[in-house]
Amino acid sequence: MPLVSGAEVVLAAAKAGRGVGAFNVIQLEHATALIAGAEQAGAPVILQISENAVKYHGSLKPIGVATLAAAAAASVPVVVHLDHAMDRDLVTEAVALGFTSVMYDASKLEYDENVAATSEVTSYCHDHGVFVEAEIGEVGGKDGVHAPGARTRPDEAVAFAEATGVDALAVAVGSSHAMTERTATLDFDLIAELHAAVPVPLVLHGSSGVADPDLTRAVEAGMTKVNIATHLNNVFTASVRQTLADNPALVDTRKYLGPARDAIAAEVARLLAILKAS
């Protein structure tokens, strides 16, 4: 299937009241697992490559090109998305490679500087047909930049969306990045208020810490794009640990990465159903 734009997938889901699962790619096994899970669920999916993953690989191109190739071979719509990019040059590189969606994160800047920087990136991306996500307010747990317990004010969210022209907005409603336990408490009244006020789809970051029923409820309250990374890392790592524990002499990486890939695919299919993605 040809690559699809972030706009095509996210805006259609927002209109239909569905969620879209956005899951992080660290290795090629993640990309193929996420696609397999989406194909099992018969739902579109967003494959996210973060700035931290780029640093891990040393550059964007190797993992980016591999992910784009996997996405192009999928039987369901797949968006390849640059996540939490603070480096402006990285956005330019992602667009040149063929990414159809980027999240530019200038949230550590003062509000006016965030608006100016995000507006510039949005203009550039729109000139190249690329969907843009940005962030207003702070989401907990990300290197001290995002304050735990922060909440996005609806009036500021509306003003930011209108000033920058972004296509989707990540908002702070009680979740936190890198949670290994699913104990986050979301503010569903705030989600509904933001959904009613903000003219673009809403994005929930830090969703690994959100329990299944609350993920469904968040979508029903107005969330569209739902980012989940750490939870799937837990699934992947648990599978590898179990396989190696059961087979201590094992040295062929395919024989422990393969089951981990299958475990992620199954969990992605399950999560997409919870998010009402199809």
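Helices and strands here are DSSP runs, numbered from the N terminus. With that naming in hand, let's walk through the structure.

**Getting oriented**

What you have open is a predicted model. Try colouring the protein chain by pLDDT to begin: the mean is 90, and 91% of the residues reach 70 or more. Now select residues 139-147, where pLDDT stays under 50. The model does have 27 contacts beyond four places in sequence for this stretch, but please read the region with that low confidence in mind.

**Stop 1: the annotated site**

Next, select D105 and E135. UniProt, in an unreviewed entry, lists both under "binding site". They are spread over 31 residues of sequence, yet they cluster in space, with a largest C-alpha distance of 6.2 Å.

Start with D105, which you will find in the loop between β4 and α6. Is D105 buried or exposed? Its relative accessible area is 5%, so D105 is buried.

Move on to E135, which sits in strand β5, residues 131-135. E135 has a relative accessibility of 1%, so it also counts as buried.

Now add H84, H177 and H205 to your selection. The unreviewed UniProt entry covers these three with a "binding site" annotation as well. H84 belongs to strand β3, while H205 is in the loop between β7 (202-204) and α9 (212-221). Both are tucked away: H84 counts as buried at 6% relative accessibility, and H205 counts as buried at 1%.

With the side chains shown, which residues does H84 join through polar contacts? One partner is D105, whose side chain makes a polar contact of 2.8 Å with that of H84. Another is H205, with a side-chain polar contact of 3.0 Å to H84.

**Stop 2: along β3 to H81**

Stay on strand β3 and select H81, which lies there too. H81 has 0% relative accessibility, so it counts as buried. Look for S101: the side chains of H81 and S101 are joined by a polar contact of 2.7 Å. If you show everything that H81 touches, leaving out residues up to four places away in sequence, you will meet I46, L47, Q48, I49, F99, S101, V102, M103, E133 and K225.

**Stop 3: the two sides of helix α5**

Select residues 88-97, which make up helix α5, and pick out L90, V91, A94 and V95, which are buried. Why do these four fall on the same side of α5? They cover an arc of only 135 degrees around the axis, which puts them there together. Turn the helix to its other side and you will come to D89 and A96, which are exposed.

What do the buried residues of α5 pack against? Show α3 (51-57), β3 (78-85), β4 (101-104) and α6 (111-127), and you have their packing partners.

Take a look at the ends of the helix, too. At the start of α5, a side-chain oxygen of D87 comes to within 2.9 Å of the backbone nitrogen of D89. After α5 comes G98, which has a positive phi, near 120 degrees.

**Stop 4: the nonpolar cores**

Keep V91 selected and add F23, L169, V173 and V198. Among the 79 residues of the largest nonpolar core, these five touch the most other members. Which helix gives the most to this core? Select residues 254-274: this is helix α11, which contributes eight residues.

For a closer look at one core member, centre on L169. Leaving aside neighbours within four places in sequence, L169 is in contact with A134, E135, I136, A157, F160, V198, V200, P201, L202 and V203. You have met E135 before, among the positions that UniProt lists under "binding site".

There is also a second, separate core of twelve residues, including V10, A13, F131 and A168.

**Stop 5: S239 on helix α10**

For the last stop, select residues 230-246, which form helix α10, and find S239 within it. S239 has a relative accessible area of 14%, so this serine is buried. Its contacts beyond four places in sequence are with P259, A260 and A263. Zoom in on A260: its backbone nitrogen lies 3.3 Å from a polar atom of the S239 side chain.

Methods. Residues are numbered from 1 along each chain as its sequence is written. This is a predicted model: local features need pLDDT of at least 70, side-chain atom pairs count only at pLDDT 80 or more; totals for chains, interfaces and linings use all residues. Side-chain values use heavy atoms; hydrogens and water are left out. Buried means under 20% relative accessible area, exposed over 50%, partly exposed in between (1.4 Å probe, protein chains only). Helices (H or I, at least four residues) and strands (E, at least two) are DSSP runs, numbered from the N terminus. The arc is that of the directions from the helix axis to the C-beta atoms. Contact means heavy atoms within 4.5 Å. A polar contact is a pair of N or O atoms within 3.5 Å; within protein, one must be able to donate a hydrogen and the other to accept it, and residues adjacent in sequence count only if both atoms are side-chain atoms. UniProt positions are given in the numbering used here, feature names are shortened, and annotations may be inferred rather than shown by experiment. A nonpolar core is a set of buried Ala, Val, Leu, Ile, Met, Phe, Trp, Tyr and Cys residues joined through side-chain atoms within 4.5 Å. pLDDT is the predictor's confidence in each residue, from 0 to 100.
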